[in-house]
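This report looks at the empty spaces inside and on the surface of one protein model, and then at some of the helices and strands that surround them. Please keep the sequence and the structure in view while reading.

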Amino acid sequence: MQATSPSYGSDQSGLVCGYLFGRAADGKGLPLDTVAACRWLNEREQHPQEFIWLHFNLANTASEKWLHEHTALPEEFYESLHEGPRSTRIELADNTLIAVVNDVVHDFSYEPSDISTLWLSVDRQIAISARRKPLRAVDSLRNAVRNGEPIRSSVELLIHLLRDQADALIKIVRDAISTVDRIEDNLLAGKLTTKRASLGALRRVLVRLQRLLAPEPAALFRLLQKPPAWMADIDTQELRQSTEEFSMVLADMASLQERIKLIQEEIAALASEATNRSLFVLTVVTVLALPINIIAGLMGMNVGGIPLADSPHGFMVVVVIVASFTVIAGWLAFRRQRDVNQD
């Protein structure tokens, strides 16, 4: 069988990469192109201990056509390709595992559009994965296989993918925690420059990630209750461990969302206090200027009988009256504010 190393982009058939496992003595994967993959698919009954992994780019319209022509995948797999973005699920159809897995794209930047879907079909000898955008978990798996990491079975390939997905989420959560820690430190130091909108965008992405990924552990646990007959016991155990690790990541993500929510509430409270202080200052200025405006208005009337018009000390008397009213009004205003702060 001739094996050639595929390029990073998909070929004319939409194949991004392909590997054959079980032939090399050390368990490493041998790279395949579409020609070699077709030859193996036609001869796979002669190699019951071998299995292949083919990864396709669905942005290439030839991918689905090639799969229809050269594989016998369950119809549920093709139906899932056209359902659009859905929550993660893993189900058994025709003794084949059909998985819809949501993951972050390769250049994740905390944008809702940076979350995409990976479709998988896994049986004892054939593992098919397909995506429309480059995903972190698949790239990690591909690099591991390319670097010679041995893969025991097709289920172990799926487990490796799920663990790579969990590792990518852990990195996202850690980066988000570092950001939240820095915001909290600035908040306590009174040097907060982050706006609530920025935290809101981060929280929305985390909420969407959790909503899409939360069904994954439950789906895996349901599968583990009745695994397919061809799944080895060691694969079942490792899949259960991977599911538990993934559940912990989701729990950390939920707690991080609560932290962000509390920080948003604290920022909103600080903004409300700042607004109240500004309104108080504006009210005090208005109250202090009120006596001056009233007396100036009265004294400025061009009518007869204006008090103190002929008195040599009239100006000082008016100043004393205005100052007295201003001091009394200011004392009353600040006293009321002090009582409010004490309450």
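## Lining of the largest cavity

In this predicted model, the lining of the largest cavity divides into nine nonpolar residues, one polar residue and no charged residue. The residues concerned are Trp 53, Leu 118, Leu 120, Ala 127, Ser 129, Val 138, Leu 141, Leu 157, Leu 158 and Leu 161. Two or more of the lining residues come from each of strand 6 (115-122), strand 7 (126-131), helix 4 (136-146) and helix 5 (154-188), and helix 5 gives the most, with three residues.

The volume of this largest cavity is about 50 Å³, and a search of the whole structure finds two cavities of 30 Å³ or more. Rolling a probe the size of a water molecule over the atoms shows where empty space is left.

## The second largest cavity

The second largest cavity holds about 40 Å³ of space and is lined by Val 16, His 55, Arg 131, Pro 134, Leu 135, Val 138, Asp 139 and Arg 142. Its lining consists of four nonpolar residues, one polar residue and three charged residues. Here helix 4 gives the most to the lining, with three residues. Val 138 appears in the lining of the largest cavity and also in that of the second largest cavity.

## Open pockets

The largest pocket has a volume of about 310 Å³, and of the 17 residues that line this pocket, Arg 44, Ala 72, Thr 96, Asp 123 and Ile 126 lie nearest its centre. Six nonpolar, seven polar and four charged residues make up the lining of the largest pocket.

For the second largest pocket the volume is about 240 Å³. This pocket is lined by 17 residues, among which Gln 49, Phe 51, Arg 124, Arg 152 and Ser 153 lie nearest its centre, and the lining divides into seven nonpolar, six polar and four charged residues.

## Strand 5 and its partners

Strand 5 (residues 96-104) is mostly covered, with nine of its nine residues buried. In a regular strand the side chains alternate between the two faces of the sheet. Both faces of strand 5 are covered, since Thr 96, Ile 98, Val 100, Asn 102 and Val 104 are buried on one side, while Leu 97, Ala 99, Val 101 and Asp 103 are buried on the other. Thr 96, buried in strand 5, is also one of the residues that lie nearest the centre of the largest pocket.

Strand 5 runs antiparallel to strand 4 (residues 89-93), to which five bridges join it, and Leu 92 stands opposite Leu 97 in this pairing. The two strands form a hairpin with two residues between them, and Asp 94 in the turn has a positive phi of about 55 degrees. Strand 5 also runs antiparallel to strand 6, with eight bridges joining the two; in this pairing Ile 98 stands opposite Ser 121.

## The two sides of helix 2

Within helix 2 (residues 62-70), Ser 63, Trp 66 and Leu 67 are buried. Seen down the helix axis, the buried residues of helix 2 fall within an arc of 100 degrees, and they therefore line one face of the helix. An α-helix has 3.6 residues a turn, so residues three or four places apart point the same way.

The buried residues of helix 2 pack against helix 1 (34-43), strand 3 (51-57), helix 3 (75-81) and strand 7. Lys 65 and Glu 69, by contrast, are exposed on the other side of helix 2.

Technical notes. Residues are numbered from 1 along each chain as its sequence is written. This is a predicted model: local features need pLDDT of at least 70, side-chain atom pairs count only at pLDDT 80 or more; totals for chains, interfaces and linings use all residues. Side-chain values use heavy atoms; hydrogens and water are left out. On a 1 Å grid over the protein atoms alone, a cavity is a set of points where a 1.4 Å probe fits but cannot get out, and a pocket is an open set with protein on both sides within 12 Å along at least five of seven lines; lining residues have an atom within 4 Å of a point. Grid points are joined across faces, edges and corners, and a volume is the space filled by probe spheres set on the points. Helices (H or I, at least four residues) and strands (E, at least two) are DSSP runs, numbered from the N terminus. Ala, Val, Leu, Ile, Met, Phe, Trp, Tyr, Cys and Pro count as nonpolar, Asp, Glu, Lys and Arg as charged, and the others, Gly among them, as polar. Buried means under 20% relative accessible area, exposed over 50%, partly exposed in between (1.4 Å probe, protein chains only). The arc is that of the directions from the helix axis to the C-beta atoms. Contact means heavy atoms within 4.5 Å. Two strands pair if DSSP finds at least two bridges between them.
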